[in-house]
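Please walk me through this structure, moving from its helices to the residues packed between them.

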Amino acid sequence: MRRPRTARKLLRVAFLLVALGFGAWAVAKQWDAVVAGFARLSWGALAASLVAVVAALLGAMLTWRTLLADLGSPLPLRPAAKVFFVGQLGKYIPGAVWPMLAQMEMGRDLGVPRSRSAAAFFLMMPIQLATGLLVTLGTLGWDRYGWLLLLIPLLLVLLEPKVINALITFGLRRLKREPLERPLTRRGMFTALGWALAGWTAYGVHLYFVAPQGGLLFAVGAFALSWCLGIMTFVVPAGAGVRELAMVAVLAPQLDQGSAIAVALSSRIVIIVGDLICAGLAGIAARRTSM
């Protein structure tokens, strides 16, 4: 059992190192253009971008909180924010399970069954992918990204509550765990989808502040597409390298390569800072509430 686990861990580390190596090579190759691209970014634009990122992260938290409540564990806003934002820091560790494990453990302290936390966590991925792909089609154009339509029927099936509930029940049965007390409802799913779409809009505003050349709609679609590609490569922490590579490619019609790399790196840094700010503020707010 240990050998396959060790091999998978080595494969992930190797993939990450290769991705980082290609990323570093691309930056070094275009270093002068990258420096010039950063020079064109103002502190005001970066600050506004950070505010938009915090709003987008809040939308993601509300998506997760809505799912958890619909499954039978409604949480007050501050404790929910702490569980979600602190747990999300685990996405920077290689492996896709760390945020889920952290949310399961912190949620248990609030009376949330582990199976319910796991279900809400796994439901986030198809919701983000489906809404992200729809946003991409609606903003970047059907002629160029029409091939994404091939994925949407599958995602829509996975977003049907009856299908989701059956899959969750099957998975819990295989794990010899108790079934969920409350199934997911269509109302809960639509509410979660609404918060997810709000999050994509805020992420697009974040990108627009650092790369306004293509307009707001283009920024929304560019970020949604690059993020979806990053999510689908879950073997690396938070889609590291993949999202930046995709963003550079999507921004190519509007920016030269050096400027596009600068924008992609700026976006990554701002999001990391946003994650840290949200986790810190949520932890402080939850502690004050408990006091």
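**From the helices to the core**

Helix α3, residues 43–70, is a convenient place to begin: its 28 residues reach 41 Å from the first C-alpha to the last, close to the 40 Å expected at 1.5 Å a residue. The model is a predicted one, and the description that follows should be read with that in mind. Just after α3, G72 takes a positive phi of about 120°. Helix α4, residues 77–88, can be treated in the same manner, since at 1.5 Å a residue its 12 residues should span 16 Å, and the end C-alpha atoms are indeed 16 Å apart, which agrees.

These two helices belong to a chain whose secondary structure comes to 13 helices and zero strands, so that the order of elements from the N terminus on is simply a run of α. Of the 291 residues of the chain, 46% count as buried. Among the contacts with a separation of 6 or more, residues 24 or more positions apart account for 71%. As for the surface, the chain exposes about 15,200 Å², and carbon and sulfur atoms supply 70% of that area.

The interior can be approached through the largest nonpolar core, which has 69 residues, and in which W64 and F85 touch the most other members. At least two residues of this core come from each of α3, α4, α6 (114–140), α9 (161–174), α10, α11, α12 (242–251) and α13. In soluble globular proteins, nonpolar side chains tend to be buried together.

Around W64, and not counting residues up to four places away in sequence, the residues touched are L75, A80, V83, F84, Q103, A120, F121 and M124. Three of these names, A80, V83 and F84, recur among the buried residues of α4, a list that also includes P79, A81, F85, G87 and Q88. F84 itself is found in helix α4 and, at 3% relative accessibility, counts as buried because the cut-off for that class is under 20%. With neighbours up to four places away in sequence again left out, F84 touches L57, A60, M61, W64, Q103 and M124. The C-alpha atoms of F84 and M104, which are 20 residues apart in sequence, lie 10.0 Å apart in space.

Which residues does T63 contact, leaving aside its neighbours within four places in sequence? T63 has its place in helix α3 and counts as buried at 2% relative accessibility; its contacts are M124, I127, A192, W195 and A196. M124 therefore appears for T63 as well as in the contacts listed for W64 and for F84, while A192, W195 and A196 lead on to helix α10, residues 186–210.

Aromatic rings offer another way through the model, and a search of the whole structure finds nine aromatic pairs. One of them joins W200 and Y203 in a tilted arrangement, with 6.2 Å from centre to centre and 50° between the planes. Because W200 and Y203 are three residues apart in helix α10, they are separated by about one helical turn. W200 also forms an edge-to-face pair with W227, at 6.4 Å centre to centre and 80° between the planes. Here W200 lies in helix α10 and W227 in helix α11 (residues 216–232), so the pair ties together parts that are 27 residues apart in sequence. W200 counts as buried at 5% relative accessibility, W227 counts as buried at 11%, and Y203 is buried too. Ring pairs link W200, Y203, F223 and W227 into a cluster.

F223 also serves as a bridge to H206, a residue of helix α10 that is in contact with S49, A52, V53, F223, S267, V270 and I271 once neighbours within four places in sequence are left aside. Is H206 buried or exposed? H206 is buried, with a relative accessible area of 0%, and the side chain of this residue makes a polar contact of 2.9 Å with the side chain of S267.

Helix α13, residues 257–290, also holds L276, which counts as exposed at 51% relative accessibility. The C-alpha atoms of L276 and V54 are separated by 10.0 Å, although the two residues are 222 residues apart along the chain.

Technical notes:
Residues numbered from 1 in each chain as written. Heavy atoms only, no water. Phe/Tyr/Trp six-rings, centres within 6.5 Å; stacked < 30°, edge-to-face > 60°. Helix = DSSP H or I, 4+ residues; strand = E, 2+ residues; numbered from the N terminus. Buried < 20%, exposed > 50% of the residue type's maximum accessible area, 1.4 Å probe, protein only. Expected span 1.5 Å × (residues − 1). Contact = heavy atoms within 4.5 Å. Areas by Shrake-Rupley, 256 points an atom, 1.4 Å probe, with all protein chains shown as cover. Polar contact = N/O pair within 3.5 Å; in protein donor to acceptor, adjacent residues only side chain to side chain. Core = buried A, V, L, I, M, F, W, Y, C linked by side-chain atoms within 4.5 Å.
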